[in-house]
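The exercises below concern one protein model. Work through each task with the structure open, then compare with the solution.

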Amino acid sequence: MVTPPKYSKAVQALLDANLVSEEQIGEAKSRADSNGKSLFENIVDLGFVDEKRLIGTLGDAFELPVAELSAIELDPAVVNLLPRNFCTNHRVVALSRKDLTLYLGLTNPENVFALDEARLMTGLTIQPVLVGPESIKKLLDRIATIAGPPRFDIASDDLHDEIGE
């Protein structure tokens, strides 16, 4: 019988690069369980790894592009392709769109659920782009100031119009 790996591919990449120890992973996981933040947010918050090295290592391990916050210019039309509550809950941001591809910023490259849901909601091919946890927080804050009404509010208003309320 094959023994399942002790750590996810992402965590193993950080361990293999000697960016964190198993003890630090344990501490960050314990903290994530109690504070509701992701493992990667806690790794950065605890000062074990800076954001740039974290996403650089994950980008190499998963062969994914990495985006720097300063280089990201958000388009309200693209941002509004996904409901804000979905983006906040999954810590993702629609960064850009080219033809039938949506470039989705996220910190956890193993968040398959968010990738699949974004594909189903938009009908677009999803290309993950790694963005650090602090940068994702800042982008989510920016969404509120650049976008129109949240998409889930628009859908709710349309539903009330249809049922006559």
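**Exercise 1. Find the partner of Leu106, then work out the sheet around this residue.**

Step 1. Leu106 has Leu130 of E3 opposite. The model is predicted: local features need pLDDT of at least 70, side-chain atom pairs count only at pLDDT 80 or more, and totals for chains, interfaces and linings use all residues. Residues are numbered from 1 along each chain as its sequence is written, and side-chain values use heavy atoms, with hydrogens and water left out.

Step 2. Strand E2 covers residues 101–106 and pairs with E3 in the parallel sense, over six bridges. Strands (E, at least two residues) and helices (H or I, at least four) are DSSP runs numbered from the N terminus; two strands pair if DSSP finds at least two bridges between them.

Step 3. E1 and E2 also pair over six bridges, in the antiparallel sense. Within this pairing, Arg97 has Leu102 in E2 as its bridge partner.

Step 4. The hairpin of E1 and E2 has two residues between the strands, and Asp99 there takes a positive phi near 55 degrees.

Step 5. Assembled, the three strands make an open sheet of mixed pairing in the order E1-E2-E3. Its edge strands, each pairing on one side only, are E1 (92–98) and E3 (125–130).

**Exercise 2. State which helix lies across E1 and E2, and at what angle to E1.**

Step 1. The helix is H8, residues 133–146.

Step 2. H8 runs at about 75 degrees to E1. Axes are lines fitted to C-alpha atoms, for helices over the stretch in contact (heavy atoms within 4.5 Å), and angles run from 0 to 180 degrees between N-to-C directions.

**Exercise 3. Locate Pro83 and decide: buried or exposed?**

Step 1. Pro83 sits in the loop between helix H5 (76–79) and H6.

Step 2. Pro83 counts as buried because its relative accessibility is 11%. The cut-offs are under 20% relative accessible area for buried, over 50% for exposed and partly exposed in between, with a 1.4 Å probe and protein chains only.

Step 3. Met121 is 38 residues from Pro83 in sequence, and their C-alpha atoms are 9.1 Å apart.

**Exercise 4. Describe the lining of the largest pocket by class.**

Step 1. The lining has five nonpolar, six polar and two charged residues.

Step 2. Ala, Val, Leu, Ile, Met, Phe, Trp, Tyr, Cys and Pro count as nonpolar, Asp, Glu, Lys and Arg as charged, and the others, Gly among them, as polar.

Step 3. H3 supplies the largest share of this lining, three residues. A pocket is an open set of points on a 1 Å grid over the protein atoms alone, where a 1.4 Å probe fits, with protein on both sides within 12 Å along at least five of seven lines; lining residues have an atom within 4 Å of a point.
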